[in-house]
Amino acid sequence: MSERFAEAPISRLVGFRVHSANPDADQLGEAVVEIDCGPQHHNPMGRVHGGLISALADAAMGIAFGRTLLESEDFSTVEMKVSFIRPIRVGTLKASAVVIQRGLRIGFVDCRITDQRGKIVATASSTCTVLSS
């Protein structure tokens, strides 16, 4: 299982915390990424910007899909959809992603973004394509 996608420079820049895969658990195709949100992440309406929530989901789904790849494979996201359910102002957001289907060239990933109370803030899905290096 590859952890190379968990070390992306964007995660350090934005402040994402990527949970390491537990070698004793079956986490092939799963990932959890968190961020602590505050006023620095607000849009003009005083709520966490949807772009940050989208980036959080994208990171979790990318890491989940990346954990299914061989060392000789890379991938690219073909499409991504985010549905925003409730606004958030401050607190920890957690994106939990799981690969729904992984074929030879195409994979499908789902993600739930929750607040610190476990309430769903957004859902996301993506389609990824496998690239041979």
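A disulfide is a pair of cysteine sulfur atoms within 2.5 Å. With that in mind, let us walk through this structure, which is a predicted model. By this rule, the count comes to zero disulfides. Take C111: the nearest cysteine sulfur belongs to C128 and is 12 Å away, so with a cut-off of 2.5 Å, C111 is in no disulfide. The situation reads alike from the other side, since C128 has the sulfur of C111 as its nearest, 12 Å away, and is in no disulfide either. Are these two cysteines buried or exposed? C111 has a relative accessibility of 3% and counts as buried, and C128, at 1%, counts as buried too.

From the cysteines, let us turn to the aromatic rings. A pair of such rings is described by the distance of the centres and the angle of the planes. This structure holds one aromatic pair. Its members are F65 and F75, whose ring centres are 5.4 Å apart and whose planes meet at 65 degrees, so the pair is edge-to-face. The cut-off behind that label is an angle over 60 degrees. Where do the two partners sit? F65 is in helix 2 and F75 is in strand 3, ten residues apart, and the pair links distant parts of the chain. F65 is buried, with a relative accessible area of 0%. F75 has a relative accessible area of 16% and is also buried, because the cut-off for that word is under 20%.

Between helix 2 (50-66) and strand 3 (73-84) runs a loop, and this is the place to look for R67. R67 has a relative accessible area of 1%, so R67 is buried. What lies 2.9 Å from a polar atom of the R67 side chain? It is the backbone oxygen of H19.

Our last stop is on the surface. There, V98, I100, I106 and F108 form a nonpolar patch, and together they have about 320 Å² of accessible area. Two strands contribute to this patch: strand 4 (91-102) and strand 5 (106-114) each supply at least two of its residues. One of the patch members, F108, lies in strand 5. Why is F108 called partly exposed? Its relative accessible area is 39%, and partly exposed is the term for values between the cut-offs of 20% and 50%, so F108 falls into that class.

Notes
Residues are numbered from 1 along each chain as its sequence is written. This is a predicted model: local features need pLDDT of at least 70, side-chain atom pairs count only at pLDDT 80 or more; totals for chains, interfaces and linings use all residues. Side-chain values use heavy atoms; hydrogens and water are left out. Patches are made of residues with over 30% relative accessible area and no salt bridge: like charges are joined within 9 Å, nonpolar side chains (Val, Leu, Ile, Met, Phe, Trp, Tyr) within 5 Å. Accessible areas come from the Shrake-Rupley method with a 1.4 Å probe; for residues, only the protein chains shown count as cover. A salt bridge is a side-chain nitrogen of Lys or Arg within 4 Å of a carboxyl oxygen of Asp or Glu. Helices (H or I, at least four residues) and strands (E, at least two) are DSSP runs, numbered from the N terminus. Buried means under 20% relative accessible area, exposed over 50%, partly exposed in between (1.4 Å probe, protein chains only). A polar contact is a pair of N or O atoms within 3.5 Å; within protein, one must be able to donate a hydrogen and the other to accept it, and residues adjacent in sequence count only if both atoms are side-chain atoms. Rings of Phe, Tyr and Trp (its six-membered ring) pair if their centres lie within 6.5 Å; planes under 30 degrees apart count as stacked, over 60 as edge-to-face and the rest as tilted.
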